[in-house]
Protein chains: 2
Amino acid sequence: MNIPKLVRELSRRKGRDERDMVVAEGHRLVTDVLQSGAGVVAILAADDVAQDSLFDTARKHNAEIAVVPRKEFDELADTETPSGVLAIVKWTPAALDAMPSSGGRVRALVIDGVQDPGNVGTMIRCALALGAACTIALDGTADLRNPKVIRSAMGALFRHPVAQTSWSELRDRWGVAAPMILLAVKDGPGIRSLPADLRDMAVVIGSEGHGVRADWQDWPSETRRVTIPMQPGAESLNAAVAAGIILYELSRGA
Amino acid sequence: MNIPKLVRELSRRKGRDERDMVVAEGHRLVTDVLQSGAGVVAILAADDVAQDSLFDTARKHNAEIAVVPRKEFDELADTETPSGVLAIVKWTPAALDAMPSSGGRVRALVIDGVQDPGNVGTMIRCALALGAACTIALDGTADLRNPKVIRSAMGALFRHPVAQTSWSELRDRWGVAAPMILLAVKDGPGIRSLPADLRDMAVVIGSEGHGVRADWQDWPSETRRVTIPMQPGAESLNAAVAAGIILYELSRGA
């Protein structure tokens with residue numbers, strides 16, 4: 001296997017889609033991915049950083065290892081100040097039908113067209129940490145295999161079920177057994193006013209610019225609009241922060 | 001004024017420090033900065049986007065305007081897909097003594113050595129939206145004039161008091177009238193167990209890698225450790241999300 005060539009291929013979406021692989025960069029993330037049981041195909045490291053114990057772990061997982069000069073590593077890396085190690089990992093979004101059909105209090109975090117990959121990854125990390133049973137990325141959302149999604153998810157992508165689908169497929173598949181849809185909006189009832197005994201919810205977070213899509217008004221079962229109370233003069237919160245706060249609030253009664 | 005040359009100078013920290021200026025990029029942000037009353041020195045726009053109403057507003061604020069070919073704009077811009085407009089704004093962190101001396105429930109969000117500029121800006125945006133009376137960035141934190149801080153703060157930097165200082169200066173200045181220090185840690189008491197009648201707190205968020213600095217054990221007045229409850233298997237939250245959740249939780253009793 002030509003590992004540097006493969007990394008270069010995976011820098012483009014086409015390459016990632018064809019190979020069902022992602023690049024996870026940075027020592028902490030690579031260590032975490034190896035621990036998570038994800039399918040690590042290969043490790044690439046710069047020659048100026050000793051990675052012996054990480055290499056030992058990688059060999060136990062049958063991952064191939066390549067070491068290249070620092071200059072070549074930096075050219076292949078996606079970050080501005082590369083730490084010197086990355087992993088190539090098999091990863092495919094799961095099918096919607098494979099998602100948990102009931103998740104206790106929050107069945108799913110639904111990412112509705114958030115394009116910033118850092119926000120998308122951070123939202124998946126929030127979903128894992130704050131008790132959503134799965135994450136569903138709708139059409140219009142950043143490519144889940146984007147290296148910034150992988151980095152900002154900090155391993156959560158490999159420890160938490162994530163599906164990718166379209167809004168209309170979600171409507172068709174969830175049908176009558178759908179969870180209660182909570183739409184994060186700017187002008188709805190305060191999130192603290194939600195009854196504490198609600199169960200089986202799906203929290204929908206839209207992009208900061210456009211909010212959740214208008215289609216939700218045609219959703220066949222119950223939806224509720226919720227808003228995070230903010231100070232006067234503050235226009236909005238970062239989308240990932242909003243996801244974190246709403247999931248945190250909902251974890252209160254869990 | 002040679003606006004393109006000034007933008008180029010401000011792309012380096014040295015230029016920003018010497019001129020006490022920042023670059024705010026993107027149509028939404030420039031509009032917001034003009035509304036905020038911040039000192040907009042100049043506007044630079046690409047020639048392929050009509051900005052008439054924005055230019056009108058800028059002229060009312062006595063800002064100079066320059067239009068350059070799109071290719072030149074893209075070279076000057078800090079973002080990967082520039083929207084075609086940016087503002088040069090006078091901005092200096094305030095002095096610690098100019099911060100509010102009592103802020104009701106949360107007097108300050110203290111950023112303790114967070115290096116990622118996107119996280120730092122998002123934290124300032126959280127502080128404004130969720131009711132911290134000011135933000136204090138300690139030594140080791142990203143340059144507050146970094147263009148990514150400005151973008152991710154989404155105008156909050158111009159609407160909310162922000163100071164920059166060192167830990168030891170903070171200790172010397174706050175002295176005995178210090179707010180109660182809440183340290184966000186991974187293994188403290190759950191944040192929901194805080195008494196609802198606490199007032200005048202300072203929430204300290206450290207970096208994801210290192211947490212809050214060890215020096216806090218020598219803080220001369222009361223400190224408390226607090227933790228956001230997380231699911232088993234989840235290692236941590238993004239620093240800005242953690243700030244958002246803690247400020248949200250504390251705004252409950254406000």
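Which ring does the charged end of B:Arg107 sit over? Have a look at chain B: the ring belongs to B:Trp174, and the charged end of B:Arg107 is 5.4 Å from its centre. Over in chain A, the charged end of A:Arg107 sits over the ring of A:Trp174, again 5.4 Å from the centre. One thing before I go on: this is a predicted model, so please keep that in mind for everything I show you.

Okay, let's talk about the two chains. If you take chain A and give it a turn of 180°, with a shift of 0.0 Å along the axis, you can lay it on chain B with an RMSD of 0.0 Å. The two copies are thus related as by a two-fold rotation axis. And how do they meet? Well, 100% of the interface residues of chain A are also interface residues in chain B, so the copies meet through the same surface.

Now, aromatic rings. Over all chains, the structure holds 9 aromatic pairs. One of them is formed by A:Tyr248 and B:Tyr248, and that pair is edge-to-face, with 6.4 Å from centre to centre and 90° between the planes. You'll see that this pair crosses between chains: A:Tyr248 is in helix 9 (residues 239–251) of chain A, and B:Tyr248 is in helix 9 (residues 239–251) of chain B. Are these two tyrosines, A:Tyr248 and B:Tyr248, buried or exposed? Both A:Tyr248 and B:Tyr248 are buried.

Here's another pair, this time inside chain B. The ring centres of B:Trp167 and B:Trp219 are 5.9 Å apart with the planes at 65°, and edge-to-face means over 60 degrees, so this pair is edge-to-face. B:Trp167 lies in helix 8 (residues 167–174) of chain B, while B:Trp219 lies in the loop between strand 9 (201–206) and strand 10 (223–226) of chain B, so the pair ties together parts that are 52 residues apart in sequence. B:Trp167 and B:Trp219 are both buried. Switch to chain A and you can find one aromatic cluster formed by A:Trp167, A:Trp174, A:Trp216 and A:Trp219. You've met one of those already: A:Trp174 is the ring with the charged end of A:Arg107 over it.

Next stop, B:Thr165. You'll find this residue in strand 7 (residues 162–165) of chain B. Its relative accessible area is 8%, and buried means under 20%, so B:Thr165 counts as buried. What does its side chain do? A polar contact of 2.6 Å joins it to the side chain of B:Glu169. Leaving out residues up to four places away in sequence, B:Thr165 touches B:Leu96, B:Ile136, B:Ala137, B:Leu138, B:Asp139 and B:Leu170.

Three of those names take us to strand 6, so let's go there. Strand 6 (residues 134–138) of chain B has 5 of its 5 residues buried, so it is largely enclosed by the rest of the structure. Both of its faces are covered: on one side you have B:Cys134, B:Ile136 and B:Leu138, on the other B:Thr135 and B:Ala137, and all are buried. Strand 6 of chain B runs parallel to strand 5 (residues 106–112) of chain B, and 4 bridges join the two. If you want a spot to zoom in on, B:Val110 stands opposite B:Ile136.

Back to chain A for one more strand. In strand 8 (residues 180–184) of chain A, 5 of the 5 residues are buried, so this strand too is largely enclosed by the rest of the structure. A:Met180, A:Leu182 and A:Ala184 point one way, A:Ile181 and A:Leu183 the other way, and all are buried. Which strands pair with it? Strand 9 (residues 201–206) of chain A is joined to strand 8 by 4 bridges, and they run parallel. There, A:Leu183 stands opposite A:Val204. Strand 10 (residues 223–226) of chain A also runs parallel to strand 8, with 4 bridges, and A:Leu182 stands opposite A:Arg224.

Last bit: two backbone oddities. A:Asp20 has phi near 55°, a positive value in a residue other than glycine. A:Asp20 is found in the loop between helix 2 (13–19) and strand 1 (21–25) of chain A, and at 25% relative accessibility it counts as partly exposed. In chain B, B:Asn62 is not a glycine either, and has a positive phi of about 60°. B:Asn62 lies in the loop between helix 4 (52–60) and strand 3 (64–68) of chain B, and with a relative accessible area of 68% it is exposed.

That's my tour, thanks for listening!

How values were computed
Residues numbered from 1 in each chain as written. Chains lettered and ligands numbered in written order. Predicted model: local features only at pLDDT ≥ 70, side-chain atom pairs only at ≥ 80, totals over all residues. Heavy atoms only, no water. Least-squares fit on C-alpha atoms with pLDDT ≥ 70 in both. Contact = heavy atoms within 4.5 Å. Phe/Tyr/Trp six-rings, centres within 6.5 Å; stacked < 30°, edge-to-face > 60°. Buried < 20%, exposed > 50% of the residue type's maximum accessible area, 1.4 Å probe, protein only. Lys NZ or Arg CZ within 6 Å of the ring centre and 35° of its normal. Polar contact = N/O pair within 3.5 Å; in protein donor to acceptor, adjacent residues only side chain to side chain. Pairing = 2+ DSSP bridges.
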